[in-house]
Amino acid sequence: MQHRLIDRTTLTKDVLAGLVVGIVALPLAIAFAVASGVSPEKGLITAVIAGFIISLLGGSRVQIGGPTGAFVIIVFTIVETHGLEGLIISTIMAGLFLIAFGLLKLGTLLKFIPHPLVVGFTSGIALVIFSIQVKDVLGITSSEVPSGFLEKWTFYFHQIPNANFSALWITLFTIFITVGFRKITTKIPGSFIAIVIISAFIAFADIEVATIGSVFGEIPAKFHFELPGISWEKIYMYIGPALTIALLGGIESLLSAVVSDGMIGSNHRSNTELISQGIANVVTPFFGGIPATGAIARTATNVKNGGRTPVAGIVHSITLLLIMLFFGKYAALIPLSCLAGILMVVAYNMSEWKSFVSILKGSVFDIIVLLATFFLTVLVDLTVAIEVGIVLASLLFMKRMADVAKYSDNEVDVDVIENYSHIPGEVGIFEISGPFFFGSAKEYGEWLKSSGQKYEVLIIRMRHVPFVDSTGVHNLKEAIRNIQRGGTPVMLSGIKPNVGKELVKGGVIDLIGKDGVYANFSEALEEAVWKIKIQKELTNS
C-alpha cells in the first residue's frame with residue numbers, strides 16, 4: 001500500500017487552520033495596503049497570489065506569506081517618490097535579488113544580522129507605522145501631511161482643533177475590541193470582529209467618517225495582468241529600494257521560519273525559502289500586488305490552529321480569494337479610522353519594546369547599534385538605517401575583538417582537547433569557544449535546539465568565551481527554553497565575570513536558576529551525574 005504524505009486528520013487540521021488564517025489576514029492585508037499609500041485591493045491581491053506561491057514553493061512547511069508591517073515605510077516612500085510604476089519595478093527587482101540570494105546560498109548569511117539591529121529597525125518601523133495612523137485617527141482630510149517624522153507630529157498637533165471626534169472614538173473602540181476579544185477566543189481575530197461591528201454600525205447610523213469607499217472606491221472583484229513601462233536609463237534609481245525590500249523581506253521571512261521551526265520542531269530550508277519569496281515578488285506586481293514576505297504573526301496563528309503542511313497556507317490564499325470575489329464590495333464600508341486602530345495594535349505588537357529595554361541594559365556596543373538603527377529608521381530612512389547598522393555592528397565587533405586581544409596578551413591559554421569517554425552517555429557536553437556574538441550565535445543556537453534534548457542533562461561550557469553580545473544572549477536564551485521544554489535540565493560552567501553580567505541582564509541566569517551555574521566543569525559534572533542517579537532511582541522505585 002502506498003504511504004500517504006498527508007493523512008486525513010492532518011489534512012482536516014490544515015484546512016481549518018487555513019480558513020482561520022485567511023480571516024486573520026483579511027483586515028491586515030487591507031490595512032497594510034492603505035497604510036502603504038496604495039488601494040486596499042492591492043493588499044488582498046498580494047496575500048492571495050504571493051501567499052499561494054510562498055506556501056507552495058517555500059522552504060518552510062507552515063510559512064504564511066503576504067504583505068506585512070515591515071514593508072509599510074519603504075512602500076510608502078517608494079510610492080511617494082517614484083509612483084506606483086516605480087513600486088512595481090522595485091518589487092520585481094527585489095524578487096530577482098531574493099532569487100539570486102537563494103541560488104548563491106546566502107540564506108545562512110542573513111541569519112547573521114545582529115539582534116540589536118533587527119530590534120532597532122523593527123521598533124523604528126513600528127513607531128513610524130503608529131505615526132502614519134494618527135491622520136486617520138484624527139479624521140484629517142488634508143492630503144498635505146508632511147513626510148518627515150518630526151514635521152508630521154507638528155502638523156498633527158496643529159490639526160487637533162479640527163479633529164473629527166467620531167473617527168477618534170471609532171479608533172479607540174477598534175483597539176478595545178481587537179485586544180479584548182482575545183479573552184473570549186483566539187480562534188476568531190478581534191480585528192475581524194471590530195471591522196464587522198463598526199462598519200455595520202457606521203453604515204446604519206450614517207456617521208460621517210472617511211471609509212475605504214469614500215477614498216478608494218469599491219474593491220474590484222477581479223484580477224488584471226499589467227506590464228509596467230520600464231525606463232532602462234532610470235533603472236539605477238530602483239536598485240536601492242529593491243535591495244532594501246529584498247534584505248527586509250529575506251530577514252523577516254527567515255526570522256518567521258525560525259520561529260515556526262521552534263513551534264513544530266522542524267528545520268526550514270533557508271535558501272529554498274528565499275527563492276520562493278523571490279518568485280512571489282516577481283510574479284505578484286504584474287497583477288497589481290505589493291512586496292510580500294513571511295508574516296510571523298500569521299505563521300504563528302497557523303501553527304497554533306493546527307497547520308502543519310503547505311496545504312494550510314494554500315487554503316488561506318483561496319479563502320482570501322473567495323472573500324475578495326464575493327464579499328469585496330462590502331469592504332468599501334470599512335472606516336479608515338477602524339483600520340488605523342488595527343494598525344496601532346499591530347505597531348505595538350511589532351515594537352519589541354521588551355527586547356528594546358533588555359538591550360539597553362546590556363553592553364554599550366549593542367546599545368550604540370540599537371539606538372543608531374532606531375533613530376535612523378525613524379528620522380532618516382530605513383535603507384540608510386540597515387546599511388549603517390550593519391557597518392557599525394561590524395566596526396564595533398572589531399573594536400571589541402581588539403580589546404580582548406589586548407587584555408589577553410599576557411595570558412597563557414592552552415586549549416586541551418579533553419577526553420569525555422569516561423562521562424555517562426546521558427550527560428551532554430557542549431563547549432562554546434571564542435566570542436559568542438552575532439556571527440556565531442545562530443550556529444550555536446541551532447545545534448543546541450536540535451541536539452540538546454537528546455540528553456538527560458546538558459552542560460554548556462563557556463570557559464573560553466571572552467564576551468557575549470545581545471544576539472548571543474538572545475539565541476542562547478531561546479535555545480535553553482527549547483531544551484527545557486523537552487524536559488532536559490541545562491547547566492552552565494566556567495563563565496567569565498563580564499560574560500556572567502551580560503547573562504544576568506539578559507535573563508539567562510534567571511531561566512536556568514543560580515543553582516544551575518557552576519564555577520568549574522568538575523562541579524557541574526558531579527551534579528549532573530547525581531541528578532541522573534536520582535532520576536533512575538525514582539523511575540525504578
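# Helix contacts, a parallel sheet and three loop or helix residues

Asp206 lies in the loop between helix H8 (190-205) and H9. The model described here is predicted. At 64% relative accessibility, Asp206 counts as exposed, because the cut-off for that class is over 50%. The phi angle of Asp206 is near 55 degrees, a positive value in a residue other than glycine.

The helix that follows this loop, H9, spans residues 212-216 and contains Gly213. Gly213 has a relative accessibility of 27% and therefore counts as partly exposed. Gly213 and Gly229 are 16 residues apart along the chain, and their C-alpha atoms are separated by 29 Å.

A second residue with a positive phi is Glu352, where the angle is near 50 degrees; Glu352, too, is a residue other than glycine. Glu352 sits in the loop between H14 and H15. Its relative accessible area is 28%, so Glu352 is partly exposed.

## Helix pairs

Three helix pairs are described here, with their packing angles and axis distances in the table.

| Helix pair | Angle between axes | Distance between axes |
|---|---|---|
| H3 (residues 72-103) and H11 (residues 270-283) | about 160 degrees | 7 Å |
| H7 (residues 165-180) and H14 (residues 336-350) | about 45 degrees | 8 Å |
| H15 (residues 353-360) and H16 (residues 364-379) | about 135 degrees | 8 Å |

The angle of about 160 degrees between H3 and H11 is over 145 degrees, so these two helices are roughly antiparallel to each other. Their crossing is left-handed. On the H3 side the contact involves Thr91, Ile92, Gly95, Leu96, Leu98, Ile99, Phe101, Gly102 and Leu103, which meet Asn271, Leu274, Ile275, Gln277, Gly278, Ile279, Asn281 and Val282 of H11. By class, the residues of this contact are 10 nonpolar, 7 polar and no charged.

H7 and H14 pack at about 45 degrees and are therefore oblique to each other. The crossing of H7 and H14 is right-handed. H7 contributes Ala167, Ile170, Thr171, Thr174, Ile175, Thr178 and Val179 to the contact, and H14 contributes Ser337, Cys338, Gly341, Ile342, Met344 and Val345. These residues of H7 and H14 divide into 8 nonpolar, 5 polar and no charged.

H15 and H16 pack at about 135 degrees, and they are therefore oblique to each other. Phe356, Ile359 and Leu360 of H15 meet Asp366, Ile367, Leu370, Leu371 and Phe374 of H16. The contact of H15 with H16 has 7 nonpolar residues, no polar residues and 1 charged residue.

## The sheet

An open sheet is formed by 4 strands in the order S3-S4-S5-S6, with parallel pairing. Strand S3 (427-433) and strand S6 (517-518) are the edge strands, and each pairs on one side only.

From the S3 edge, S3 and S4 pair in the parallel sense over 6 bridges. Within this pairing, Ser433 has His464 in S4 as its bridge partner.

S4 covers residues 457-464 and is joined to S5 by 4 bridges, the two strands running parallel. Leu458 stands opposite Val490 in S5, and Ile459 has Met491 in S5 as its bridge partner. S4 is mostly covered, with 7 of its 8 residues buried.

S5 (residues 490-493) is in turn joined to S6 by 2 bridges, again with the strands running parallel. Leu492 stands opposite Val517 in S6.

The side chains of S5 can also be sorted by direction. In a regular strand the side chains alternate between the two faces of the sheet. In S5, Val490 and Leu492 point one way, Met491 and Ser493 point the other way, and all are buried. Val490, which stands opposite Leu458, and Leu492, which stands opposite Val517, thus belong to one side of S5, with Met491 on the other.

Definitions and conventions. Residues are numbered from 1 along each chain as its sequence is written. This is a predicted model: local features need pLDDT of at least 70, side-chain atom pairs count only at pLDDT 80 or more; totals for chains, interfaces and linings use all residues. Side-chain values use heavy atoms; hydrogens and water are left out. Axes are lines fitted to C-alpha atoms, for helices over the stretch in contact, and angles run from 0 to 180 degrees between N-to-C directions. Angles under 35 degrees count as roughly parallel, over 145 as roughly antiparallel, 65 to 115 as roughly perpendicular and the rest as oblique. A crossing is left-handed if the near helix is turned anticlockwise from the far one by less than a right angle, and right-handed if clockwise. Contact means heavy atoms within 4.5 Å. Ala, Val, Leu, Ile, Met, Phe, Trp, Tyr, Cys and Pro count as nonpolar, Asp, Glu, Lys and Arg as charged, and the others, Gly among them, as polar. Two strands pair if DSSP finds at least two bridges between them. Buried means under 20% relative accessible area, exposed over 50%, partly exposed in between (1.4 Å probe, protein chains only).
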